[in-house]
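User: I'm new to this structure and would like a close look at one part of it. Could you walk me through a spot where aromatic rings come together, and what surrounds it?

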Amino acid sequence: MPIRCHNRVLLLMALIALAAAALPFVNFAPNRLVSGEGRAVWQVWAFSPALLLIVPGLLIVLALMRGRGAVVATLVVCELLFAGLVWSAGLAATHLASSESPLARTAVGSGLWLWLALCLLACSDAIRRLNLPPLWRWLLQAQIWILPLLLLFSGELNALSLMKEYANRQDVFNDAGQQHLTLLLGTLIPALLIGVPLGLLYYRRPASQGPVFAVLNIIQTIPSVALFGLLIAPLAGLTRAWPWLSSLGIAGTGLTPALIALVLYALLPLARGVLAGLSQVPAEVLESADAMGMNSRQRFWQIQLPLALPVLLRGLRVVAVQTVGMAVIAALIGAGGFGALVFQGLLSSALDLVLLGVIPTIVMAVVVDALFALWIALLRRRTDD
C-alpha cells in the first residue's frame, strides 16, 4: 500500500528546513567594524550534523499522519521549535562572546532566519487546518510569541549584535518609535474624519462619485517617494508667503508633507470601504426598518452602521498596515520614525542598524493587523450571538 502524505505543505517545509542546514546559522565578527563570517550550527557547537535530521524527520512523520491529533502535534512541535531556535541564537551569541572575544558581534544567519520563518508558516498552517472560530485562531497565533518574548525580556538574547545595537541607541530607538506612532495616528485620525464622510456622501449620491474616485485612484498610482517630493515645493512656498505657518510646524520637509501624503493614500481605501459596507446592507433589512417607523438617522445608527462596520474595519485595517510601511519612506524627507534608522544603516553599511529599523516596523505592522483582526473577530462573535 503506497504511503500517502496528508500535509504536503508541512512536508515541503520540512524538506526546505533540511536544505537550510547548509546555510549559516549565525554570522560571527570579531568586532563591529569587521565583516562577519557565516558559521553553521555544528561549527558553533561540536556535534554531528546528522542530529539535524531529527526535527525535520519528525515533521515528515507528522505530515504523513492524518487527523486532528497530528495537526495539534504539529502546532506544538513547531511552536516549541520556534522558541528553541530563538533561545539558541542568544545562547550561540553568548557562547561565541565568551570563547572568542567580549567585543565579538554575533548576528542571526540566513539559515536561522529561514528556519524561524518556516516554523511560523507551519504554525499558521496548522492553526488554519484546525478550523477554529476566528477568535480562537487569533489567540493561538498570539500565544506563539509568549516564550520568545519571555526570552527577550529576560535578557537571554542580549549577546546578539542586534540587541547590542539597541543598547547603544536606545534613546534614538525610542524617539523613532514615538515618531512612527505619531505618523500612524496622525494619518488615521484625519483620514477617518475625511474618508468616512466622503464614503457616506457618495453612497447617497452615486452619480457624483466618479470624478473624486478617479482623482483618488490617480493618487494611489503615484509612488510614495514622488508624492512626498511633490509636496515639498508647495509647502515651502506657503511658509515663505506666510511665515506664521512655521510656528504651527508646517514646513516643506518633515512631518507635514509626510502626513498629507499618507492621508491622501488612505482616503481611497477608507471611502471605498464605507461605500462597500453600506451597499452590502440587504434592501429587505432597510425595508423592515422603514416598516418599523425608523427615521433615516435611526436606520443609519441602528441598522446600517453595525452591518457595515466589519467591511469598514477591513478597509481601516489595510490603511493602518499600509501606513506603518509607508511611514518608513517618509524618513527621506525628515519625518523620522524607524525609517531614519533604516536609511542611516544603509548609508553606513551597518546591517544591524538596518534591522533595528526594519524589525520594529514589521512588528508594529503585525501587531496593528492582529489588533484589527481581534476587533473584527469580537464584532463577528457579538453579531452571531
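Analyst: Let's start with two rings: Phe173 and Phe338 are both buried. Keep in mind that this is a predicted model. The centres of these two rings lie 5.4 Å apart with the planes at 45°, so the pair counts as tilted. Phe173 belongs to helix α9 and Phe338 to helix α15, so the pair links distant parts of the chain, 165 residues apart. Tyr166 joins in as well, and ring pairs link Tyr166, Phe173 and Phe338 into a cluster.

Now for the surroundings. Leu341 touches Phe173, and its other contacts beyond four places in sequence include Val172, Ala176, Leu353 and Leu356. Leu341 is also one of the residues that touch the most other members of the largest nonpolar core, which has 54 residues; Leu183, Phe213 and Phe228 are among the others. Both α9 (170–204) and α15 (338–347) give two or more residues to this core, as do α10, α11, α12, α14 and α16. The largest share, 14 residues, comes from α12.

Phe213 has something extra: the charged end of Arg272 sits over its ring, 4.5 Å from the centre.

Back to ring pairs: the whole structure has six aromatic pairs. Another one is Phe82 with Trp145, which is edge-to-face at 5.3 Å centre to centre and 85° between the planes. Here Phe82 is buried, with a relative accessible area of 4%, whereas Trp145 is partly exposed at 37%.

Methods. Residues numbered from 1 in each chain as written. Predicted model: local features only at pLDDT ≥ 70, side-chain atom pairs only at ≥ 80, totals over all residues. Heavy atoms only, no water. Core = buried A, V, L, I, M, F, W, Y, C linked by side-chain atoms within 4.5 Å. Buried < 20%, exposed > 50% of the residue type's maximum accessible area, 1.4 Å probe, protein only. Helix = DSSP H or I, 4+ residues; strand = E, 2+ residues; numbered from the N terminus. Contact = heavy atoms within 4.5 Å. Phe/Tyr/Trp six-rings, centres within 6.5 Å; stacked < 30°, edge-to-face > 60°. Lys NZ or Arg CZ within 6 Å of the ring centre and 35° of its normal.
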